[in-house]
Amino acid sequence: MSSTDFATLVRDDRVLTPMYTDEAIFEEEMDRIFKNTWVWVAHASDVPTGNTFKTSWVGREPVIVTRDKQGKIHTLLNRCRHRAASVCEKRKGKASVFVCPYHGWSYDVDGKLRKVPHISGYGEGLDTDDYGLVSLRTEEYNGMIFATFKDDIQPLVEFLGSAKKWIDLFMKQGGGYGVKTLGEHRFRFPGNWKIQLENTTDAYHFPIVHKTFLDSLDPEAENVFQVLAHGGWVEDLGNGHSVMVMIPDLIDLEDNLDAPIPQRFEELAKELAAEGMPDDQVRRVVRAVGGSGFNLNLFPNVACSMAFFRVLRPIEVDETEIMHVAIGMDGGPDAANRMRLRLHEHFQGPMGFGTPDDAEGWERVQRGARAGQDLWVMVNRGVDAPEGVAAPGHNAGDVSAETGMRAAYQMWKRMMTA
Amino acid sequence: MSTIAEPLNRSDAAAAPSLQDAIQFVWAEADMLDRLDYKAWLPLWTEDGRYIVPTERDISDYDDRLNILNDDAEMRQARVKRLLSGFSMSSAPPARTVRTVSRFVPVVVEDGAITLRAAMIMVEYKYERMRTMAADVVYRIVSTADGLKLDRKIVTLVNCDDYQHGIGYLL
């Protein structure tokens, strides 16, 4: 398919159905998007100290994210340079060396080839400098680690642009402590990755799909989660990124610390006070526990959503894996982190009160998209944002607007036709 | 702490359920879940009962870890309400399931309680598709004045630390 053809798939307010179903388009996306931009691979707390690692993916390619003894972070293709065996099959851990189990080639955590058994067998000599693990360009912003196959693209901070402000706000949920990952739910749905990408800034579906979640909350919390009712908005942040503000009162978790403690956090507040925590710190922690009142979607594969990271991994044109990474307070009170885990389990994951219904919706989109390959998928909702909330010059609409999806699809078009 | 090793929270010591009675109880529970008879399932539990589906194997304390679910009585009730409400897209209708529980091994027999280890194999069907799931399950079953009750059920899927699909029913 030529680049001209890709342009015809995306209009300003709609995209054509083969975007979800055409294998050739999917293959091109893996090259033109996932091998050409910054892709999220880990949070800094996944590799907290020297000689720690986490396995991850850049697009479809397996990588190991490592921190060396000097604290520098590396992203290495998980493939021995000898005969291609993976050199690490653990999810996470500590290692000072990766040894290929097939023929014993060993690599330092920065990817350098350390030792080759019986190296004399290479008659003409083997220069170990030429056979390190392939290392990807890796940069970090406020704990978010991204890697790219593309050495000459703009620095990460430029790529994130206006999204940086929202990342900084999101990390305030550390409540005065650092932010650390607490575990992850992984699940797959039989559908295209862009169906999930659309969902993170789609408030329109929330009261319908998540009615049973809302019904399970106390009246006060239920009101907080009436996301269409609080004057929120969706804002195009450039480069395909967008933010959907659902609960404007919870944009800055360090504001309004004198507000009354919500009913569902009263018990936690008492527990923290009983442990001797001063009142102002109790209030700070309690306000941070429920997470931020917005979803930040970073093109193409990660979102900062309320109190978790949502990472997508394209598997096939009609198969996508999602990781919901629970995050907590690094060094914070156990009671607060336990509360975060229970809140996460309540909504997220394969048996949460929210996720299976989202996944069912996404699967239905994929199944329905078998019909009418010439029909458009509409992303045309959009009314004016409430007065004065979006950054001046930004494209924004009310909280139920499809502004975020349009932002992502315009970036898709730009990258696919570049 | 939620473990099966912590002591039972009860004062009225009684005879432990027999292995045979415990197995019958487990089979009756499995049958209820496949028939979606969740209203009858709720009173099977003790008041302090914990229903846990972990995301990791070989751990002892589940409360400081992320689980797929970690339900006390209140959450079990909310879950059943949700699944039967008709408003949950993933469970209206749910996948059909058929499960079998077998390979029972008594782990601990104590005053008034027996803890069993078992294997569960389950097939789900929905949307022209069959999926097979397998789990190691630990049950703690206690004798009470109202008959046998479920006090702990920990369902560790064989692939608990790998990806799942959306699950719109109970394990």
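Two strands pair if DSSP finds at least two bridges between them. In this predicted model, that condition is met across the boundary between the two chains: strand 13 of chain A, residues 178–189, is joined to strand 7 of chain B by two bridges. The two strands run parallel. On the chain B side, B:His165 of strand 7 is the bridge partner of A:Arg188.

The strand pairing is one part of the contact between the chains. Each side contributes residues as follows: 36 from chain B and 36 from chain A. Together the chains bury about 3,100 Å², and carbon and sulfur atoms account for 56% of that area. Within chain B, the residues that lose the most area to chain A are B:Leu66, B:Met89 and B:Tyr127, which together make up 24% of what that side buries.

Polar and charged groups also meet across the boundary. Between chain B and chain A there are 21 residue pairs in polar contact, counting pairs with both residues at pLDDT 80 or more. The number of salt bridges between the chains is seven. One salt bridge links the side chains of B:Lys126 and A:Glu360, with 3.0 Å from N to O.

Which elements of chain B give two or more residues to the side that touches chain A? They are strand 1 (45–54), strand 2 (67–71), helix 3 (73–84) and strand 7 (164–165). Helix 3 gives the most, with five residues. By residue class, the side of chain B that touches chain A consists of 16 nonpolar, nine polar and 11 charged residues.

Conventions: Residues are numbered from 1 along each chain as its sequence is written. Chains are lettered from A and ligands numbered from 1 in the order in which they are written. This is a predicted model: local features need pLDDT of at least 70, side-chain atom pairs count only at pLDDT 80 or more; totals for chains, interfaces and linings use all residues. Side-chain values use heavy atoms; hydrogens and water are left out. Contact means heavy atoms within 4.5 Å. Buried area is the accessible area (1.4 Å probe) that two parts lose on being put together, summed over both. A salt bridge is a side-chain nitrogen of Lys or Arg within 4 Å of a carboxyl oxygen of Asp or Glu. A polar contact is a pair of N or O atoms within 3.5 Å; within protein, one must be able to donate a hydrogen and the other to accept it, and residues adjacent in sequence count only if both atoms are side-chain atoms. Helices (H or I, at least four residues) and strands (E, at least two) are DSSP runs, numbered from the N terminus. Ala, Val, Leu, Ile, Met, Phe, Trp, Tyr, Cys and Pro count as nonpolar, Asp, Glu, Lys and Arg as charged, and the others, Gly among them, as polar.
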